[in-house]
Amino acid sequence: MLRHRDRSAGREPCMRPLGRWCALAFLATVIPSLLLHPLRPPTLAAQTLAGQSLGDQDSDETELWNRFNGERAFEDLVRFCEMGPRPSGSAGMEAQRRWLVEHFEACGLEVFEQKFDHDHAAYDEPVRMVNLMARYRPELEERILFAAHYDTRPFPDQDPTDPRGEFLGANDGASGVAVLTEIARLLRDSEIPLGVDLVLFDGEELIIDRRRDPLFVGSTYFARTYADAPDRGWFYRCGILLDMVGDARLELYYEKNSLRFAPELVRDVWRSADALRIREFLPRPRHEIRDDHLPLNEIAEVPTIDILDFDYPRIGGREAYWHTREDTPDKCSAASLEKVGRVVLHWLSRQR
Ligand SMILES: [Zn+2]
């Protein structure tokens, strides 16, 4: 994801040998035993939901959106971060993908892996990319797309002290995925009359050199494949992309490209937030963001919005955790994930 005016600004990370990632990819194939062991329990306790704005009258669990459990989603976020950095082609990404496939199948969803090789200027070998798709009621023709990217940036290149350090991507990477893994738990017992696809994009930001490397590799491939198969037998009515939705200081404004492509959808989702009295959804535009929703709109022609909190951690603050080593689970919260998940599910429950 990139803010519009950042397109050519800022320092560029220098080139480095990519042997490290090749080695990590290799390790992923030789130490599958790692994946047979249960994951370590979260080292960071999920934050409680005490003091959140959702009142007692909103806790009726017969409603789908009230069943979204932010603490369970936050445990997923921590779990992904404990797998380490998860850039495309890395061991962390492979471990995450295996967990996700198993999870989605256990939730009764039909899982597809859309694999392709991507030639990247910084890598000797093509990078294997995998978009993951988990489908609720795959037999239905008319479908809703919920998406997030699940790769993380290779380096925290905005970090003021160590731009070649470790980047965990708790908010920028894990948060959108964690909302979708929790939604996956709830779909099977829902009565949603439409098909729903949870799609995780690879290669959103495999950026070693910002002036050279393309963004949105996975979503662009996904959108082209969709556009090139008009006889696929199903279609998306619209889409919602989730990116950077875990910030403990949640502030979600209308995103300007979303307003351009799908203004009614933007307002309708924010109406759900209003109905739930979730005030972190602020019904006015703020940032213009380039993200995976662009290929979905421009290539696949699926009206798609981006729910994204670019103010990480706060408006007007000097510090920003975006693309730094500080993008860690302690900056995120269960309450934020729960608010986003409930709004999305409230909106979904209104679709006919
Ligand atoms: Zn990013």
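## Helix 6, a helix crossing and the nonpolar core

In this predicted model, the buried residues of helix 6 are Val-217, Gly-218, Ser-219, Thr-220, Tyr-221, Phe-222, Ala-223 and Tyr-226. Because 8 of the 11 residues of helix 6, which spans residues 217-227, are buried, this helix is largely enclosed by the rest of the structure. The elements in the table are among those that cover the buried residues of helix 6.

| Covering element | Residues |
|---|---|
| strand 2 | 110-118 |
| strand 3 | 127-136 |
| strand 5 | 195-201 |
| helix 9 | 293-298 |

A second feature is the packing of two other helices. The axes of helix 5 (residues 170-187) and helix 10 (residues 334-349) come within 10 Å and cross at roughly 55°, and the two helices are therefore oblique to each other. Their crossing is right-handed. On the helix 5 side, Ser-175, Ala-178, Val-179, Glu-182 and Ile-183 take part in the contact, and they meet Leu-337, Val-340, Gly-341 and Leu-345 of helix 10. The residues of this contact divide into 6 nonpolar, 2 polar and 1 charged.

Two of these contact residues, Val-179 of helix 5 and Leu-337 of helix 10, also appear in the largest nonpolar core, which has 93 residues, and there Val-179 and Leu-337 are listed with Leu-77, Phe-146, Ile-307 and Val-343 as the residues with the most contacts inside it. In soluble globular proteins, nonpolar side chains tend to be buried together. Leaving aside neighbours within four places in sequence, Leu-77 is in contact with Ala-170, Ala-174, Ser-175, Ala-178, Gly-246, Pro-329, Cys-332 and Leu-337.

Notes
Residues are numbered from 1 along each chain as its sequence is written. This is a predicted model: local features need pLDDT of at least 70, side-chain atom pairs count only at pLDDT 80 or more; totals for chains, interfaces and linings use all residues. Axes are lines fitted to C-alpha atoms, for helices over the stretch in contact, and angles run from 0 to 180 degrees between N-to-C directions. Helices (H or I, at least four residues) and strands (E, at least two) are DSSP runs, numbered from the N terminus. Angles under 35 degrees count as roughly parallel, over 145 as roughly antiparallel, 65 to 115 as roughly perpendicular and the rest as oblique. A crossing is left-handed if the near helix is turned anticlockwise from the far one by less than a right angle, and right-handed if clockwise. Two residues are in contact if their C-beta atoms, placed from the backbone, lie within 7 Å. Ala, Val, Leu, Ile, Met, Phe, Trp, Tyr, Cys and Pro count as nonpolar, Asp, Glu, Lys and Arg as charged, and the others, Gly among them, as polar. A residue is buried if 20 or more other C-beta atoms lie within 10 Å of its own, exposed if 12 or fewer, and partly exposed in between; C-beta atoms are placed from the backbone. A nonpolar core is a set of buried Ala, Val, Leu, Ile, Met, Phe, Trp, Tyr and Cys residues joined through C-beta atoms within 7 Å.
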